[in-house]
Amino acid sequence: MTLRLSTCLGACALAAAVSLSFVGMRATAAGVAVRVQDAKPAPTQQAPQRRFIVRYRTGTLQRSSTTAALDAARAAVVRSGIAASIPGLTVRHVRRMGSGADVIALSRSLDSAATASLLSALASDPNVASVTPDRRLYHTGIAAPTMLPNDPLSQQYQWHFYNSVGGIKAPAAWDSATGTGVVVAVLDTGVTDHPDLSPNLLQGYDFISDAFISRRATDERVPGAHDYGDWNDDFTQCEMSNSSFHGTHTAGTVAEVSNNGIGLAGVAHGAKVLPVRVLGRCGGYTSDIADAIVWASGGTVPGVPANANPAEVINMSLGGQFLCEESMQSAIDTAVANGTTVVVSAGNSNANASEFSPASCNNVITVGASRITGGKAFYSNFGKKVDLSAPGGGGGQDGGAAGYVWQTLNDSATAPELGSPAYGGMAGTSMAAPHVAAVAALVQGKASTPLTPAQMETMLKATARRFPVTIPTNQPMGTGILDAKAAVATVLPPCQGPDCETAARPLVNKTPAKGLSGAANAQLSYVIDVPIGASALSFMTYGGTGDVTLLVRYAQVPTTTAYDLSSVHAGNNETIRVPVTRGGLYYVKVVGAKAFTAVTLEARHN
């Protein structure tokens, strides 16, 4: 097997296909070849449009009949004047989406002026609720442990798991959780056969509905999610490039097989990956991605068999430089309503994530990329839409293995059957997002009751640790760096006994810690990291039976004789209001004055 290294030098994540150039070879001490690759920045303009998503109003003939929908679209083409200016132009109905919208395709692509004319003509139809181009999206990559896996390359290359400054503290989380029983859907380029990944793969689906993009002989969607390669050798279609095998890499971050004595490790190596192919040569269509989101979460998509393994988490390391549109938002809302947490990459253009989709969509966890230093990766998008950051690698800025995220790959430049299973490094927000998706899987695998998508987002943001370096105020990167240990700790049983002095469980602002129980004199310790500028900090216990005392101390775990504030009343209803809120760690201890059961603890601040 070989090791391959890819550098994201700019907005490569958003390219239709990333252009790679080989710049060197070297050998590791183990004799494993390392292929070094560079990636070019992505184009910032969309390709000419030939597919459109039209949603007709409920109750109209067009909504109930695909024939009527096609007739209405043909009439709009005539009204727009395009039919007269492009002799021989034909219109066909591609499919009805899971949202009920229709995908309409033209026989020829339209330039920006013609696209605007057709959109205007379609929107003028009173039966049309919305219409958007079926835009192309692109992948956003290429751009002291207690539990260590025995995979021989893991500790050498995977700093993003182990490094105390820039890593996610994965080994400490593996003591308690591996994601067993959880399904993570990876919507990407599909996957290749790889002995260090295949055992953790479920039967996926290929949603690409364009034979040119898919490299299959048909426009039909098919079972399986095999990556046929996304190389492009026709510059008239999109940027020329080698294959990325991007989906194999992101799936490896989620659940590469671990403790098998070979290769590298995955974050949630007890989980299963549901691969869903939505990207191929020159990217992938919004309509295909939206349907894949619905299907992966357990929703119904016309013409596609029901998903036997609905995902608790969806990862999308992909995007395009345009605002979140209705078709994408509707699909995400459906997934969230189905209980699925949706994680997306922020994008690699060093720009505001609010200008990109799906990074700017609501109800998603948008992830920026950090470096081994804990600072912002130079390419990472930023802004208020970014919820938190995770390791994406700093590329050549950090040098060697430290600049990249390392996972499974294929070493072919084109079709995977022409190459072999490999391991390689990539840099990009594509690499950051699956770290977050995988930690969400670790949490769901241990939670007594699955977290809702909103609860998961709140918890991951609250448990992220502070950036160890200064982040520019005009380029915010979320609440901090993903912390696997702290996230998993929020769903573990509360600590009891003498060791709890140093094992405080993290509290999440305005998120109750439920089910606290203990004998008389039991002591349960918790901690909350209060941001600078917060106000009105308070702690309270309520519910259950028995009698507890509440103790609070700034920067240190309180004891029954050393604390800053306390609340001592008969029963379980205790409240402490902190007079002046300071930024930093507040420790709170619940002490059993008598035996207690099913008590709830909550911390709140503005």
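**A buried aspartate, its partners and the sheet alongside**

Aspartate 288 is buried, its relative accessible area being just 1% (buried stands for under 20%, exposed for over 50% and partly exposed for what falls in between, with a 1.4 Å probe and protein chains only). The model behind this value is predicted, so local features need pLDDT of at least 70 and side-chain atom pairs count only at pLDDT 80 or more, whereas totals for chains, interfaces and linings use all residues. Residues are numbered from 1 along each chain as its sequence is written, and side-chain values use heavy atoms, with hydrogens and water left out.

Now for the overall picture. The protein has 606 residues, and buried ones make up 60% of them. Its secondary structure comes to 14 helices and 28 strands; both are DSSP runs numbered from the N terminus, with helices (H or I) needing at least four residues and strands (E) at least two. The accessible surface comes to about 21400 Å², and 53% of that belongs to carbon and sulfur atoms; such areas come from the Shrake-Rupley method with a 1.4 Å probe, and for residues only the protein chains shown count as cover.

Back to aspartate 288 and its charged partners. Side chains of opposite charge can pair when their charged atoms come close. Here a salt bridge is a side-chain nitrogen of Lys or Arg within 4 Å of a carboxyl oxygen of Asp or Glu, and the count by this rule is 19. In one of them, aspartate 288 meets arginine 221 at 2.8 Å, N to O. The aspartate sits in helix 10 and arginine 221 in the loop between helix 8 (211-214) and strand 11 (222-223), so this pair ties together parts that are 67 residues apart in sequence. Arginine 221 counts as buried too, at 11% relative accessibility. Aspartate 288 also forms a salt bridge with arginine 51, where the closest N and O atoms are 4.0 Å apart; arginine 51 and aspartate 288 are both buried. These residues belong to a network of salt bridges that links Arg51, Arg95, Asp134, Arg221, Asp288 and Asp291.

Another salt bridge joins arginine 55 to glutamate 326, with the closest N and O atoms 2.6 Å apart. Here arginine 55 is partly exposed, with a relative accessible area of 24%, and glutamate 326 is partly exposed as well, at 34%.

Helix 10 turns up again among the aromatic residues. A pair of aromatic rings is described by the distance of the centres and the angle of the planes. Rings of Phe, Tyr and Trp (its six-membered ring) pair if their centres lie within 6.5 Å, with planes under 30 degrees apart called stacked, over 60 edge-to-face and the rest tilted. That rule gives ten aromatic pairs. Tyrosine 205 and tryptophan 295 make a tilted one, 5.6 Å centre to centre with 50° between the planes. Since tyrosine 205 lies in strand 10 (residues 205-206) and tryptophan 295 in helix 10 (residues 286-296), the pair ties together parts that are 90 residues apart in sequence. Tyrosine 205 and tryptophan 295 are both buried. Elsewhere, ring pairs link Phe161, Tyr162 and Trp174 into a cluster.

Charges sit over rings as well, meaning that NZ of Lys or CZ of Arg is within 6 Å of the ring centre and within 35 degrees of the ring normal. Arginine 281 lies over the face of phenylalanine 212, 3.9 Å from the ring centre, and arginine 582 does so over tyrosine 554 at 3.7 Å.

Strand 10 leads on to a sheet. Strands of a sheet pair through backbone hydrogen bonds, either parallel or antiparallel. This one is an open sheet of eight strands in the order 11-10-12-9-14-16-17-18, with mixed pairing (two strands pair if DSSP finds at least two bridges between them). Strand 11 and strand 18 (388-391) are the edges, each pairing on one side only. Strand 9 (residues 183-188) is largely enclosed by the rest of the structure, because six of its six residues are buried. Both of its faces are covered, with Val183, Ala185 and Leu187 buried on one side and Val184, Val186 and Asp188 on the other. Strand 9 pairs with strand 12 (residues 272-277) in the parallel sense over six bridges, and there leucine 187 stands opposite valine 276. Strand 9 also runs parallel to strand 14 (residues 313-316), joined by four bridges; across this pairing valine 184 faces valine 313 and valine 186 has asparagine 315 as its bridge partner.
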